[in-house]
Structure formats: C-alpha cells, structure tokens
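Student: Please take a single part of this model and go through it closely, then place it among the contacts found elsewhere. I would like the cut-offs stated as you go.

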Amino acid sequence: MKTQFLTGLFSVACAALLLSGCATHWVSHPAFRPEKLAQMDAVIESAIASNQCPGGVLWLEHDRHSYHKAFGQRALVPVREPMTEDTIFDAASLTKVMATTPAVMLLIQRGQIALDATVNTYLPEFTGAGRESVTVRELLTHTSGLPPDIETKSDWHGQAEAIRKACAEKLENPPGTVFKYSDINFFLLGEIVQRVSRRPLEDFAQREIFRPLKMTDTGFTPSSERRSRVAPTEVVAGQPWRGVVHDPTARKMGGVAGHAGLFTTASDLARYARLLLNHGKLDGVRLFQPETVRLMTSVQTPPGMSAKRGLGWDIDTAFSGPRGEVFPIGSYGHTGWTGGSLWIDPGSRTFVIFLSNRNHPTEAGNVLALRRRLGTLAAEAVADHQASPASAH
C-alpha cells in the first residue's frame with residue numbers, strides 16, 4: 001500500500017514537472033483561453049499533415065503575455081531538420097511593412113519626404129504618360145495605377161535596371177482610382193529611400209530600424225553564419241533556395257528591394273509589432289511619434305474606395321485573410337508569398353504572427369485557410385477580448 005502511494009506521488013510529481021517545463025503552453029498563460037490555444041496548435045498540425053507547409057512558428061501576444069511555439073520541420077530537402085523558434089524566414093512581402101514602410105515614414109516624420117508629393121519629385125525619370133501625377137501616398141496605398149510587377153524572363157540584373165523598367169511601365173488605371181497590389185510601388189519607394197537618405201536601403205533599415213529595436217536576426221542577404229537557421233523555400237535544380245530571396249524580381253535586383261528580400265524571425269517580428277502597439281516606442285527607444293503610427297495604420301485610401309489600406313498596411317481588402325472573423329476593421333496587418341503573416345489589433349492590444357515556408361519543397365503548399373483560421377482563434381483566445389465580429393463593422 002505504501003509502495004502504491006509513493007508510486008502515485010512520484011507520478012503526480014513527474015506530471016507537475018512536465019507541465020512546468022511547457023513554458024510556451026497555456027498552463028502559464030491566464031491571459032489566453034487554453035482551449036483556443038489547443039485549437040491553434042491543432043490547425044497548424046493539420047496543415048502540416050496535409051502538406052500545406054512543412055512547419056512554422058506561431059507567436060500570439062496580448063498585453064505582453066505571449067504564447068509561442070515551433071511546429072513541424074524547417075527543411076525536408078535535402079535532409080529533414082526540425083523547426084525551431086529561432087528559425088529565420090524569407091519574409092517576402094512582409095518586407096514592405098517591416099523595412100520600406102517604416103523607412104519612408106521615418107523620412108516623412110523628419111520632413112525629408114512629403115506624403116502627397118509626386119514620385120518624380122524624388123525620381124525625376126518617373127514621368128510621361130501620366131506617371132508624373134502619381135504620388136508617394138498612392139505608391140504606399142497601391143493606388144498608383146501601376147501593374148503588379150515588371151518582367152523577369154529576360155536576362156537583366158541590378159537595382160538600376162529594375163528602376164529603369166519600372167519607370168517605363170504604363171499605368172493601367174488613373175492614379176488614385178483603383179486598388180491594385182503592386183510590387184513595383186514598393187521597389188520604387190525603396191529607391192526613393194535610397195536617394196533621399198543617400199544610403200542603401202539595407203543600410204538605412206539596419207541602422208535606423210532593426211538595430212535600435214534589437215531585431216538582431218532581421219536583415220537582407222543573411223550571413224553564412226546565420227544560413228543554417230534559414231528556412232529553405234522552393235527546390236530549384238535539385239537544391240532549395242536557402243538564404244537567397246525567393247522573389248524573382250528581388251533576386252534579380254541583388255537580394256535587396258523595397259518589396260521583398262528581408263529575412264526575419266518570429267521573435268524579431270514580435271518586437272516590431274510591440275513597437276506599433278506602443279505607439280512608436282519600445283523598451284525606452286522611440287522610433288515613431290504616435291501620430292506617425294496613427295497615420296500609417298489608419299485608412300488612407302480615397303473615400304468611397306471599397307478596399308481599405310493604410311500606408312503600406314492592409315486593413316480590409318481581398319488580402320485580409322489573417323484578420324479572421326473576429327478582429328475588427330481597424331486592425332491591420334500584412335502577408336508574404338512564402339507563407340508568413342502578421343495581424344495587429346490595437347483595440348485589444350493583441351497581435352498574431354505565423355511564419356512558415358509553405359513553398360518548400362514546392363509551390364504546392366497553401367496556408368491561406370490556415371492563416372484565416374489562426375486569426376479567428378487568436379482573437380477568441382484572448383480571455384478579455386470583447387470585440388464584435390469583423391463582418392459586423
């Protein structure tokens with residue numbers, strides 16, 4: 001009897017130790033509903049099992065309470081590697097809101113760029129056929145009228161050639177009349193940053209944004225020392241892209257562009273999201289004035305336009321899947337082609353990040369439904385979240 005009692009006591013003690021070791025799990029997070037966190041885990045595991053992505057990293061945060069976890073595999077080819085929380089991901093179009101948008105906003109805040117100035121104020125060659133009327137605001141809101149991208153089939157290379165091609169593109173719509181998501185908008189903005197600051201975009205972003213915010217694993221063209229932690233993307237000619245940007249235009253531009261090329265981790269992206277929720281200040285460092293954050297993250301598209309965009313940020317468009325069904329319009333975020341997303345709800349002081357390499361080993365992976373479900377569950381997981389469904393706004 002005594003032996004049975006001691007055995008039972010030992011089992012209870014072991015269970016307690018196991019629970020105490022799960023630092024990222026719901027038992028230590030009263031700010032979150034445990035059943036919703038379990039559902040978030042389950043939908044990610046289901047997406048992995050159905051080959052929608054090899055793995056990923058989730059980060060949910062509410063008022064500095066966070067739940068973060070790695071799932072699945074970082075690499076499948078040429079050998080399997082387990083996903084880790086410090087995995088570095090190709091951020092793809094998250095580059096637009098992590099590097100280019102904040103760089104432009106800093107220069108606007110300093111009076112070096114005017115939001116409603118024409119693009120050819122800073123890029124004189126961007127003129128002719130109506131291009132001279134396009135404004136910086138219209139580039140930031142994807143209402144410039146420019147097409148989605150320049151051609152990448154011919155044998156061209158370099159940032160200068162990309163800008164030359166962009167400046168020759170015909171407008172598909174009059175500026176300010178139609179929302180059309182375009183990478184051209186953002187590599188033109190990256191060029192504006194370089195000309196106004198007289199520094200390469202990667203240098204400006206590192207010195208003015210990532211270093212002050214202690215985003216130590218964020219930057220363009222990852223070093224060889226970091227490459228082992230980079231999640232590979234598509235396999236080409238038997239080898240996966242690893243530490244080389246997947247986006248073909250950015251790759252032809254040398255790996256640094258205003259629309260794609262950045263690499264980051266979930267924890268670094270969480271620091272950036274925290275900065276925005278704190279109205280431009282993080283750990284004693286003020287990057288933006290509160291009014292700059294409000295300007296960037298509020299609706300800036302023309303009145304009457306059904307698509308709602310901030311400056312760089314998505315608010316309510318066909319790209320707003322990660323908002324889910326609960327976060328209200330007024331929250332904001334962005335996605336990346338490689339499988340990453342960030343959604344921020346200032347009303348509940350909550351954000352949700354999911355980073356993945358859904359296009360490893362092929363482009364067949366798809367996390368659109370997963371990101372939408374995670375957005376819904378993230379809002380539902382916040383124990384004191386009182387917002388009504390987004391569809392009611």
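**Helix α6 and its setting**

Tutor: Helix α6 covers residues 183-197, and because each of its 15 residues should add 1.5 Å, the expected span is 21 Å (1.5 Å times one less than the number of residues), which agrees with the 21 Å between its end C-alpha atoms. Helices here are DSSP runs of H or I with at least four residues, strands are runs of E with at least two, and both are numbered from the N terminus. The model is predicted, so local features are used at pLDDT of at least 70 and side-chain atom pairs only at 80 or more, whereas totals for chains, interfaces and linings use all residues. Residues are numbered from 1 along each chain as its sequence is written, and side-chain values use heavy atoms, without hydrogens or water.

Of the 15 residues in α6, 13 are buried (under 20% relative accessible area; exposed is over 50% and partly exposed in between, with a 1.4 Å probe and protein chains only), so the helix is largely enclosed by the rest of the structure. At its N-terminal end the cap is S182, one of whose side-chain oxygens lies 3.2 Å from the backbone nitrogen of I184. Just past the other end of the helix, R198 adopts a positive phi of about 60°.

Within the helix, a salt bridge (a side-chain nitrogen of Lys or Arg within 4 Å of a carboxyl oxygen of Asp or Glu) joins the side chains of E191 and R195, with an N to O distance of 2.8 Å. Both residues belong to α6 and sit 4 residues apart, about one turn of the helix. An α-helix has 3.6 residues a turn, so residues three or four places apart point the same way. The two partners differ in their accessibility class, for E191 is buried at 13% relative accessible area, while R195 counts as partly exposed at 33%.

A further salt bridge follows in the sequence beyond this helix, between R199 and E208, whose closest N and O atoms are 2.7 Å apart. Here too the acidic partner is the buried one, with E208 at 17% relative accessibility, and R199 is partly exposed at 22%.

These pairs belong to a wider set, since the structure holds 24 salt bridges. One of them pairs R242 with E81 at 2.8 Å between the closest N and O atoms. R242 lies in the loop between β7 (239-240) and α8 (248-252), and E81 lies in strand β3 (residues 81-82), so this pair ties together parts that are 161 residues apart in sequence. In this case R242 is buried, with a relative accessible area of 18%, and E81 is likewise buried at 18%. Elsewhere, R64, R271 and D283 are linked in a network of salt bridges.

For a contact that is polar and involves a histidine, consider H62, found in strand β1 (residues 55-62) and buried at 5% relative accessible area. The side chain of H62 makes a polar contact (N or O atoms within 3.5 Å, where within protein one must be able to donate a hydrogen and the other to accept it, and sequence neighbours count only if both atoms are side-chain atoms) with the side chain of T350, at 3.0 Å. A polar atom of the H62 side chain also lies 3.5 Å from the backbone oxygen of R349.
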